[in-house]
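Q: Could you take me on a close look at one part of this protein and then show me how the rest is put together around other parts like it? I am new to reading structures, so please go step by step.

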Amino acid sequence: MKKRLFTLLTAALVALAFVASGCSGSLAGYDYTGKSDREFQFKTFLGLPGKMPIYNANETSYYLKSLTDEEFDTYYREMAEAGFTVATAPSSPEGESHNLRMLDAAEKYGLHQLLGEMISADGISLTGLMQGRGFDPFGNEYGDETVYSEARIRELLGEFLEPYLDHPAFYGLAIWDEPSKIYYDRIESVRKIFEEVAPGKLLYVNLLPITADRDGMGLEAGQDVSVYAQEFIEKVDLPYISYDRYPIMDNGDGTTRINEDFLYNMQIYRQAADSDPDGSRELWTYLLATEHTFGTDTFAQPDNIADIRWQVYAFLAFGGDSITWFTYFPPEPIDQHGTSFGVGPYDRKGRKTDIYYYIKQVQQEVHAFEEVYFNFDWKSVITVMGEKNEDGFVDSYDWLDPGFAAEGHERISSLSCEQDTLIGCFEDAEGQDGFMVMNYAEPGALKESRTRIAFQDAYAAAVYRRGEKRIVKLGHGGTLNFTLLAGEGVFVVPLAKK
């Protein structure tokens, strides 16, 4: 299997944690002090409904439970405690009282609240109005400009949002999931209207995986799939580009595998974000918290923290800015499309699962170094095959376009690793280098990776790992030895000798 790989150093590894040979010498005065005030955005999906469906043991029937104020408050407190920053709307439209209840709870716990579909008193659909698709209760097409002119859309949107505009927790409005590119002009049109009605608030649109059905993306025969992402940047003036692609597949025999096109999707959307003329477009994604089967594909249920870490740190190696977990509260067991769902952070009786605690720990790890992470700009990624990769399972390296993955970095003189590794390369405004190094081995295999990196012109390193920062004295030749747990990532800032 042909791969674009960084040259591997074959020297023996001697460390099980951070170790540097010849560690004598003072570290006084060595530090990285650059900081950003940005916060990494972690979003829930799905949000808390007005009435929670509580299923029987076989998940064949349910009743709707009205949540007490104490129960409602507890769910929002648990979001904040887990490191979430944005609460999203539930799957079904809710009324004004529930929307305000969510906003009040979000404000109490320092969260932002994203609202979704609403239905007016006379049956007008907010998302139908914004998307310009379907029919209103009176038989009019939402796309009929004689009935729904820009002025009328502005008027109706103002009526929908008026109760929420001044609420401090109101973050924005989600209007479209996975549109065809034929609707990009419409999205931009209503974005302008939304900006007039709700200045400073976010209009949220999430795109398809770049490897989805070509007709669904609106691509013509022979068109490169990257057009789907690139035209969004060119036509829609939003501060981000968001997409979903779930990376861990269930083989049906108790084992899992990496979705081969996971990194390719990340590459295409990373390139699209970077093509924004003003350079400020953020990269957002959805990651997997809930098992689900769609057609012949089953996306695996995370059953250990490695499954969560692996997804998050792979995205950070590509310089990602925001993660939404699919899902937070569970969907119905089987939806109208025939997709069957497991459960994520909460089960179908409203109780926390182990997945809640896995996500909580990893999100807290990221928040612990976000001020440093966001002080850097992403530059490139290096893909490395591990010395103990016996199965050649990282086919996702082969999906990357030739020339996208860097052959190396001028600051790294040599490196070796036991398992396949991603290295995200970053640089701050002062020219200081930073590196996100993560164990890319299939996380279900729970393989650790002893790793050795030698940095040019480096005496020490600031190392951010599992929520802690350490200043480490490097060994001979600027060498840092460490062992990455399954799915684990560390952020390393090499520090030159003074």
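A: Happy to! Let's start with helix 8: 11 of its 13 residues are buried, so this helix is largely enclosed by the rest of the structure. Please keep in mind that you are looking at a predicted model. Helix 8 covers residues 262-274. Its buried residues are Phe 262, Leu 263, Tyr 264, Asn 265, Met 266, Gln 267, Ile 268, Tyr 269, Arg 270, Ala 272 and Ala 273. You can also check the length of helix 8: from its first C-alpha to its last it reaches 19 Å, close to the 18 Å expected at 1.5 Å a residue.

Helix 1 lets you try that check again. Its 13 residues, 69-81, should span 18 Å at 1.5 Å a residue, and the C-alpha atoms at its ends are 18 Å apart, which agrees. In helix 1, the buried residues include Phe 72, Asp 73, Tyr 75, Tyr 76, Glu 78 and Met 79. Which elements cover the buried residues of helix 1? Among them are strand 2 (51-55), strand 4 (86-87), helix 2 (96-108), strand 5 (112-115) and helix 10. Just after helix 1 comes Gly 83, with a positive phi of about 90°.

Tyr 76 of helix 1 also leads us to the nonpolar interior. The largest nonpolar core has 135 residues, and Tyr 76 is listed with Leu 173, Ile 241, Trp 325, Leu 422, Tyr 440 and Phe 491 as those with the most contacts inside it. Take Leu 173 as an example. Setting aside its neighbours within four places in sequence, Leu 173 is in contact with Leu 114, Leu 115, Gly 116, Met 118, Leu 126, Leu 157, Leu 161, Phe 194, Leu 202, Leu 203 and Tyr 204. A second, separate core has 22 residues, including Ile 382, Cys 417, Ile 453 and Val 472.

Trp 325, from the list for the largest core, sits in strand 14, and this strand is a good next stop. Strand 14 spans residues 322-326, and 5 of its 5 residues are buried. Both of its faces are covered: Ser 322, Thr 324 and Phe 326 are buried on one side, Ile 323 and Trp 325 on the other. Strand 14 has parallel partners. Strand 1 (residues 41-43) runs parallel to it and is joined to it by 3 bridges, with Lys 43 opposite Thr 324. Strand 11 (residues 282-288) also pairs with strand 14 in the parallel sense, over 5 bridges, and here Leu 288 stands opposite Phe 326.

Now let's compare that with antiparallel pairing. An open sheet is formed by 6 strands in the order 16-18-19-24-21-22, and its pairing is antiparallel. Why do strands 16 and 22 each have one side without a neighbour in the sheet? Strand 16 (376-384) and strand 22 (468-473) stand at the edges and have a single partner strand each, so one side of each is left free of a neighbour there. On average, neighbouring strands of this sheet are turned by 25° against each other, direction ignored. Within the sheet, 4 bridges join strand 19 (residues 433-439) to strand 24 (residues 489-495), and Val 437 stands opposite Val 490 in strand 24. Helix 10 (residues 354-373), one of the elements that cover helix 1, lies across strand 16, strand 18 (421-428), strand 19, strand 21 (460-465) and strand 24, and it runs at about 35° to strand 24.

Strand 20 is another enclosed element. Of the 7 residues in strand 20 (residues 449-455), 6 are buried, so the rest of the structure largely encloses it. Strand 17 (residues 412-417) pairs with strand 20 in the antiparallel sense over 5 bridges, and the bridge partner of Ile 412 is Phe 455. Strand 23 (residues 479-484) pairs with strand 20 as well, antiparallel over 6 bridges, with Phe 482 as the bridge partner of Thr 451.

Finally, a word on cysteines. Searching the whole structure turns up 0 disulfides. Why is Cys 417 not bonded to another cysteine? The closest cysteine sulfur, in Cys 425, is 13 Å from the sulfur of Cys 417, too far for a bond. Cys 417 is buried, with a relative accessible area of 0%, and Cys 425 is buried too, at 1%.

How values were computed. Residues numbered from 1 in each chain as written. Predicted model: local features only at pLDDT ≥ 70, side-chain atom pairs only at ≥ 80, totals over all residues. Heavy atoms only, no water. Core = buried A, V, L, I, M, F, W, Y, C linked by side-chain atoms within 4.5 Å. Buried < 20%, exposed > 50% of the residue type's maximum accessible area, 1.4 Å probe, protein only. Contact = heavy atoms within 4.5 Å. Pairing = 2+ DSSP bridges. Helix = DSSP H or I, 4+ residues; strand = E, 2+ residues; numbered from the N terminus. Axes fitted to C-alpha atoms, helices over the stretch in contact; angles between N-to-C directions. Disulfide = S-S within 2.5 Å. Expected span 1.5 Å × (residues − 1).
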